Structure formats: C-alpha cells, structure tokens
Amino acid sequence: MDKSAATRMLYRLLDAGLDRAPEYGPGFSTHLPMALQALHALGATAPRLHDFAQQHVAELHARPVPAAAAEPHSWHALRGQGDAFEPLQAMFALRLQQEEPDTVLAETVPALLDGVAGGAFHGLIRTAHAVAARHEGELSMGLAYWAARHAPLAAPNEQAAADLPLADWLAQVQWLPRPQHADADAWSITRRMQAWSRTEGFGDVAPRLLLQPGTLDALARTAAGLYAATEDFTVLHMVTACQAMRQLQPWWGDEALAMRHFSIAAAAALRASDVPPELPPARATDLAWPQIIQRAIASDDEHVVKLVQACRLHEAATGAPEFRWAAGRAVGG
C-alpha cells in the first residue's frame, strides 16, 4: 500500500484510540498511539499498522463517560491529580477546536515542564508523538495525561550553580548515596525517581549540570550509549524522553529553565535505573539502519518501536553513532 494509505490508517487508529484510557493494568501508560506514530514514521504499511494495533488494543481500558471540561483559566490547579484526566482532556480538546495548536502548546508546555518526570516521562513523550502525528485529538490526550501525572521532584537547591560539565555531573550523580525509602525498589519508574530525588545530596547535585548549546544532545547521546551497554529499561525512557524534549523545543519558553527541569529529572532517572555507578562503555552494533528499521517494523514491542524511531531522529540531528548502537541493541543486533 502507498504511504497515503498508511497515513489514513494511522489517523483512523488514532481516532479510535481516543476511546481508550491513558493507563491500563496497575498503572502502566498506554503506549499504543505513540508506537503507531513511530511505526508510521519508520515506514510501516497500513496493514502493518492495523495488525500492530490489533495486537495491543485488547489490553487497554475503555474511558468512562465523558466529563465536563475543566475551566481553561484554572487548569493549573488540577496538575498532578490523576482523577482529573477526563476534565483536563475535555478542556484541551475544546481549546484545540478554538485555538491553534501552537498557541495551546506555548501556554501549556512551560507550565508542565517542572513535572516532566510524572508518569515516567510518558506525558511528555505522548505529547511529542501527538505533535509529530499532527493529530489534535491525540494532542489533547497527551497534554491531559502530562497534566494529570504532573509530578515535580523534591525541591532542588535553588542556590546551586549550574557549573558542572556533563562528565563531572554524571560522576557526582552516580555516586549519590542510595535512598533508604522503600520506593527506591518500586516497580514504578516514577516512584523510584521520586525516592532518589529525596536522597541526601540530590538537591545539591542534580541542578548543577552546566547548560550549554548541545546539552540535550549530550544527554541523549549518554543515555543511548548506556542503553547500548546495558539494555536498561529506565535508560530507554531517557532516550525517548530526550527526543520528546527535542520535538517540543519550540514551546519550552525559558530554555535554561526548561533544561534545568529536564536535567534534574534525567538525574533521577539515571539513579532509578540499574546502571552501575561505574558507567559502562557503549557497545557497537554491526546492523545498518535499513536492517534495524526492518526489524523494528516487524516487532510487536511498543518500546522497541519507539526507541528505534527516537534514535533515528537523534542521529539525524547529531550524527552520533551511539544512537544506531542503541537501536541495534533494541532489535537484537
């Protein structure tokens, strides 16, 4: 089938997905719409998109009866309230009918970035995939999920100077003492990140990353290299979150503040992972991009699909080899 047929199928499936809740099971984020956009971007055909959706849609929960929309002027007060997803989604959907997406994103993204860790970065990531898909219904879902799971980490030391080069910052983050809180071993990435943000010294170290042009690229390259070395599931989310930040950069607002929020969340994610304090070197792959993409399109693993597409975009922006290595590792190369 031609690409226009695949695009029509993507939109049909995203439309259908608006009836599904943003979480399922014990609190897992719904990945299907994000993975469908990534598959489409990788070149999947309409039948492949349809088959992939059929593999995953049964596990998702139906949404309840639609709620009344939240008031546009007071939605900030609902941030972090999981049960506010429905009124938030209704409000964002209404706004996107009345305003340009650019206007809504410019007002909303800066108000959500301090809670970027919520839902293990999935509010951020889902919003970015919706922007890439140019699908307003899915954008309302992503923004509402980000707002409902908005979760600022423990307050950083506001006096901490952003003065540590990346290598020094990584070293200091990696040698922070392990938190005693039970959530340090929770199944939830978000809960582990929050536990680490409360550990002694985190608030003094995490805000100190020296922010320069290219800092986001360097964080993404570090995360990709670590994934290529370890296949760590939490690190995978760091790679895709970095790409989501890149996608949403036009609406960050204050760039230094946006990157400060994100780098603090990245520090918490790194410590919440199983990566050892002595960071291992990346492992190269012999797979070329056409092989990696072919394997990703054939995969039924939503995380693999999303990671490969994120790595492809990261490499296009930076030229760094770690992204092909990480993508190759993800598909078994």
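A cavity is taken here as a set of grid points where a 1.4 Å probe fits but cannot get out. In the predicted model, the second largest cavity defined in this way has a volume of about 50 Å³. Its lining is formed by W169, L170, L219, T222, A223, L226, M238, A266, A267 and L270. Three helices, α8 (166-174), α11 (215-230) and α13 (255-272), each give two or more residues to this lining. The largest share, four residues, comes from α11. By class, nine of the lining residues are nonpolar and one is polar, with no charged residue.

The helices around the second largest cavity were then examined in pairs. The axes of α11 and α13 come within 11 Å and cross at roughly 15°. Angles under 35 degrees count as roughly parallel, so α11 is roughly parallel to α13. The crossing of α11 past α13 is left-handed. On the α11 side, the contact is made by T215, L216, L219 and L226, and on the α13 side by M259, F262 and L270. Six of these contact residues are nonpolar and one is polar, while none is charged. L219, L226 and L270 take part in this contact and also appear in the lining of the second largest cavity.

For α8 and α13, the packing angle is about 50°, and the axes are 10 Å apart. This angle makes α8 oblique to α13. Here the crossing is right-handed. W169, L170, V173 and Q174 of α8 meet S263, A267, L270 and R271 of α13. The contact of α8 with α13 comprises five nonpolar, two polar and one charged residues. W169, L170, A267 and L270 belong to this contact and are likewise among the residues lining the second largest cavity. L270 of α13 thus takes part in the contact with α11, in the contact with α8 and in the cavity lining.

The search of the whole structure returned two cavities of 30 Å³ or more. The largest has a volume of about 120 Å³. Of the 13 residues that line the largest cavity, Q37, A128, H129, Q243 and L313 are the closest to its centre. The elements contributing two or more residues to this lining are α6 (122-133), α12 (233-247) and α15 (302-318). The class composition of the lining is six nonpolar, six polar and one charged residues.

Open space was assessed as well. The largest pocket has a volume of about 510 Å³. Its lining consists of 29 residues, and G27, F28, S29, A120 and W187 lie nearest the pocket centre. Both strands and helices contribute two or more residues to this lining: β1 (23-24), β2 (28-29), α7 (136-148), α9 (189-197), α12 and α15. The largest share, five residues, is supplied by α9. Counted by class, the pocket lining has 10 nonpolar, 14 polar and five charged residues. Helices α12 and α15 give two or more residues to the lining of the largest pocket and also to that of the largest cavity.

Note on methods
Residues numbered from 1 in each chain as written. Predicted model: local features only at pLDDT ≥ 70, side-chain atom pairs only at ≥ 80, totals over all residues. Heavy atoms only, no water. 1 Å grid on protein atoms, 1.4 Å probe; cavity = no way out; pocket = protein on both sides within 12 Å on 5 of 7 lines; lining within 4 Å. Points joined across faces, edges and corners; volume = space filled by probe spheres on them. Nonpolar A, V, L, I, M, F, W, Y, C, P; charged D, E, K, R; others polar. Axes fitted to C-alpha atoms, helices over the stretch in contact; angles between N-to-C directions. Parallel < 35°, antiparallel > 145°, perpendicular 65-115°, else oblique. Left-handed = near helix turned anticlockwise from the far one by under 90°. Contact = heavy atoms within 4.5 Å.
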